[in-house]
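Here is a short tour for a first look. Start where the chains touch, then move to the interior and one strand.

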Amino acid sequence: MNKTDVLIIGAGPTGLFCAHQLGIIGLSCEIVDNLDKAGGQCIELYPDKPIYDIPAVPECTGEELTNNLLKQIKPFKVKFHLNERVEQLKKAENRWNVKTSGGKEFDVASIVIAGGVGSFEPRKFPVKECEKFESNSLLYSIKDKSIFKDKTISIFGGGDSALDWAIELSNTSNVNLIHRRDGFSGAEASVQKVKDLNDQGKLNLFTKYQIDSVSGDKKIESIKIKHDEGQIKEIKCDYVLGFFGLIMQLGPILDWGLNINKKTIEVNTENFETNINGIFAIGDICSYPGKLKLILSGFHEGALAARGCFKYAKPDEKLRFEFTTTSKAAQERLGIKK
Amino acid sequence: MAKITYYTHDNKTHTIDVQNGLTVMEGAIQNDIPGIDADCGGGMACATCHVYVKEQWLDKLPAKEDGEEDMLDMAFEPKNNSRLSCQLIVSDELDGLEVNIPSKQG
């Protein structure tokens with residue numbers, strides 16, 4: 001059991017800065033995120049794209065912003081629980097008991113949901129029958145590549161994941177790479193490599209094709225792919241891999257009894273608390289009149305939510321407003337030595 | 001101002017006056033037309049505002065910018081007439097535009 005003052009759900013910029021604000025006022029927190037790294041949409045959607053509207057930072061990338069926020073909260077030694085999705089919340093007297101997908105448990109005074117647009121999940125094939133094979137022969141990520149040895153694999157997608165795995169697996173497996181158009185979004189060098197392998201007969205490239213159907217008894221035995229102009233090809237294969245990036249899903253958050261409106265959680269603008277006492281929501285996931293989905297708004301919301309958490313973590317103490325420029329306590333918490 | 005017609009997956013037709021300067025995506029979101037999620041808010045980073053454009057409109061629309069086709073690779077059931085509606089900025093020239101919203105966005 002992990003015991004801390006506040007559990008932050010989501011390690012995007014808003015969640016990270018909220019951790020900073022909690023640290024400054026002397027509360028402890030831990031952060032859970034479904035991705036394997038901190039940064040949220042900044043890292044997953046646009047690590048290299050510039051951002052121009054962070055106050056006092058004329059230009060930075062999503063990755064730089066994330067790294068700076070991580071540096072800023074370093075003094076607070078915040079514990080991260082990555083690759084974990086929060087599944088269940090239960091009120092336990094005045095505190096909350098939280099369970100994650102990986103079986104971790106938390107005992108916390110309050111919860112801050114900084115979940116963006118939900119947790120990132122792989123995008124799936126549009127064909128319904130695909131679901132049936134998801135546990136065994138149709139995969140959206142690779143954990144153990146040895147299972148593909150000497151098998152026939154059909155890989156779908158045109159980004160770096162699809163290209164890199166096609167190249168790698170072509171060493172040990174019979175690989176078909178299928179993509180909906182001639183152009184690829186992956187790195188140019190990988191595209192060239194795939195074309196070379198195709199010319200050498202070490203891989204079969206099918207462009208302007210998309211999945212049409214899958215068939216098999218317990219495991220996939222063959223698939224049909226359809227060309228833009230309508231021709232259908234049948235391919236025998238043992239595994240199908242789909243690499244269509246990630247999509248955001250609200251997931252279990254929908255079941256916690258929160259007031260949800262168009263995939264966002266309603267909050268007050270005094271401290272960004274939801275309709276449930278002790279649960280706050282900040283950043284892209286919260287809604288209130290005038291809400292702007294900007295990172296800077298998320299920072300403001302996090303600062304107020306952190307103060308809202310104080311009364312749950314330390315019901316007998318009074319929070320006094322202080323500036324970091326002059327507060328001895330805040331500077332001590334930041335580890336500033338003078 | 002342009003009249004934009006959105007056909008949703010439940011076979012309903014929504015014809016809306018959308019102000020010039022807004023995107024086809026924003027026209028849908030502001031009028032509660034179901035089926036366009038626009039998770040990333042118009043940043044061409046998610047493909048959840050994917051629509052199918054009526055064929056006769058395809059070459060009247062602004063050309064795809066770099067990145068739109070890459071994002072469409074991620075869309076649910078992309079076709080030759082697929083566009084990201086966040087990239088279609090409404091102007092008088094788009095008066096009468098018709099788009100179909102896919103059955104789901106992911």
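In this predicted model, chain A brings 18 residues to the contact and chain B brings 15. The side of chain B that touches chain A divides by class into 6 nonpolar, 4 polar and 5 charged residues.

Now the interior. The largest nonpolar core holds 60 residues. Those with the most contacts inside it are Val6(A), Ile111(A), Val112(A), Ile113(A) and Cys309(A). Which helix gives the most to this core? Helix α6 of chain A, residues 295-313, does, with 10 residues.

Take Cys309(A) next. Neighbours within four places in sequence are left aside here. Beyond them, Cys309(A) is in contact with Asp5(A), Val6(A), Leu22(A), Leu27(A), Ser110(A), Val112(A) and Phe280(A).

Another core lies apart from the largest one. This other core has 56 residues, including Ile225(A) and Val240(A) from chain A, and Ile36(B) and Met71(B) from chain B.

Val240(A) also leads to strand β17 of chain A, residues 239-242. Tyr239(A) and Leu241(A) point one way from β17(A). Val240(A) and Gly242(A) point the other way. Are these four residues of β17(A) buried or exposed? All are buried.

The table lists strands of chain A joined to β17(A).

| Strand | Residues | Bridges to β17(A) | Direction | Opposite residues |
|---|---|---|---|---|
| β10(A) | 138-139 | 2 bridges | parallel | Leu138(A) and Val240(A) |
| β11(A) | 152-156 | 4 bridges | parallel | Phe156(A) and Gly242(A) |

Val240(A) thus appears twice: it belongs to the core of 56 residues, and it stands opposite Leu138(A).

Key:
Residues are numbered from 1 along each chain as its sequence is written. Chains are lettered from A and ligands numbered from 1 in the order in which they are written. This is a predicted model: local features need pLDDT of at least 70, side-chain atom pairs count only at pLDDT 80 or more; totals for chains, interfaces and linings use all residues. Two residues are in contact if their C-beta atoms, placed from the backbone, lie within 7 Å. Ala, Val, Leu, Ile, Met, Phe, Trp, Tyr, Cys and Pro count as nonpolar, Asp, Glu, Lys and Arg as charged, and the others, Gly among them, as polar. A nonpolar core is a set of buried Ala, Val, Leu, Ile, Met, Phe, Trp, Tyr and Cys residues joined through C-beta atoms within 7 Å. A residue is buried if 20 or more other C-beta atoms lie within 10 Å of its own, exposed if 12 or fewer, and partly exposed in between; C-beta atoms are placed from the backbone. Two strands pair if DSSP finds at least two bridges between them.
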